[in-house]
Amino acid sequence: MTRKIADCRKHPSVSHCSLTISGEEEEVVRAAAEHAVSVHEHTDGPELREQIRTMLEDEQVGA
């Protein structure tokens, strides 16, 4: 299974967050939602989680 990545550096924020989360898709969505709420003051819910899901990228495996 391809691991997914959520990278805060790709999304401008007031806090200039540099966190990157990687893992299986559901793990990353859950952790990224918790992070978005606790650090970036977003409200958790289906819309936030769907937005996160659309921003995920496949993890590039090194040679």
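Leaving aside neighbours within four places in sequence, which residues is V29 in contact with? The contacts of V29 are R49, I52, R53 and L56. The model behind these values is predicted.

**V29 and the core**

V29 sits in helix 1. Its relative accessible area is 2%. The limit for a buried residue is under 20%, so V29 counts as buried. V29 also belongs to the largest nonpolar core. That core has 10 residues. Its members are A6, I21, V28, V29, A32, A33, A36, L48, I52 and L56. Helix 1 spans 25-38 and helix 2 spans 46-55, and each supplies at least two residues of this core. Helix 1 gives the most, with 5 residues. In soluble globular proteins, nonpolar side chains tend to be buried together.

Two of the V29 contacts, I52 and L56, are themselves listed in the core. Not every residue lies close by: V29 and S13 are 16 residues apart in sequence and 19 Å apart in space, C-alpha to C-alpha.

A36 is another core member. Beyond residues up to four places away in sequence, A36 touches E41, H42 and L48. L48 is in the core as well.

**How the two helices pack**

Two packed helices are described by the angle between their axes and the distance between the axes. Here, helix 1 and helix 2 pack at an angle of about 120 degrees, with their axes 9 Å apart. That angle makes helix 1 oblique to helix 2. The crossing of helix 1 past helix 2 is right-handed.

Which residues of helix 1 meet helix 2? On the helix 1 side they are E25, E26, V29, R30, A32, A33, A36 and V37. On the helix 2 side they are L48, R49, I52 and R53. By class, this contact has 7 nonpolar, no polar and 5 charged residues. V29 is part of the contact, and so is A36.

**The loop between helix 1 and helix 2**

E41 lies in the loop between helix 1 and helix 2. Phi of E41 is positive, about 60 degrees, although E41 is not a glycine. Is E41 buried or exposed? E41 is exposed, with a relative accessible area of 71%. E41 is also one of the residues that A36 touches.

**The loop between strand 1 and strand 2**

Strand 1 covers 4-7 and strand 2 covers 20-23, and H16 is found in the loop between them. H16 has a positive phi near 55 degrees, and H16 is a residue other than glycine. At 69% relative accessibility, H16 counts as exposed.

C17 is found in the loop between strand 1 and strand 2 too. C17 is buried, with a relative accessible area of 15%. Which contacts does C17 make, leaving aside its neighbours within four places in sequence? They are C8, R9, H35 and H40. C17 and D7 are 10 residues apart along the chain, and their C-alpha atoms are separated by 9.1 Å.

V14 has its place in the loop between strand 1 and strand 2. V14 counts as exposed, at 82% relative accessibility. H40 is 26 residues from V14 along the chain, yet their C-alpha atoms are separated by 8.3 Å.

**S22 in strand 2**

S22 lies in strand 2. Its relative accessible area is 36%, which makes S22 partly exposed. Leaving aside neighbours within four places in sequence, S22 is in contact with R3, K4, I5, V28 and E59. V28 is a member of the largest nonpolar core.

**C-alpha separations**

The table sets out the C-alpha pairs.

| Pair | Residues apart in sequence | C-alpha separation |
|---|---|---|
| C17 and D7 | 10 residues | 9.1 Å |
| S22 and A32 | 10 residues | 9.5 Å |
| V14 and H40 | 26 residues | 8.3 Å |
| V29 and S13 | 16 residues | 19 Å |

Technical notes:
Residues numbered from 1 in each chain as written. Predicted model: local features only at pLDDT ≥ 70, side-chain atom pairs only at ≥ 80, totals over all residues. Heavy atoms only, no water. Core = buried A, V, L, I, M, F, W, Y, C linked by side-chain atoms within 4.5 Å. Buried < 20%, exposed > 50% of the residue type's maximum accessible area, 1.4 Å probe, protein only. Helix = DSSP H or I, 4+ residues; strand = E, 2+ residues; numbered from the N terminus. Contact = heavy atoms within 4.5 Å. Axes fitted to C-alpha atoms, helices over the stretch in contact; angles between N-to-C directions. Parallel < 35°, antiparallel > 145°, perpendicular 65-115°, else oblique. Left-handed = near helix turned anticlockwise from the far one by under 90°. Nonpolar A, V, L, I, M, F, W, Y, C, P; charged D, E, K, R; others polar.
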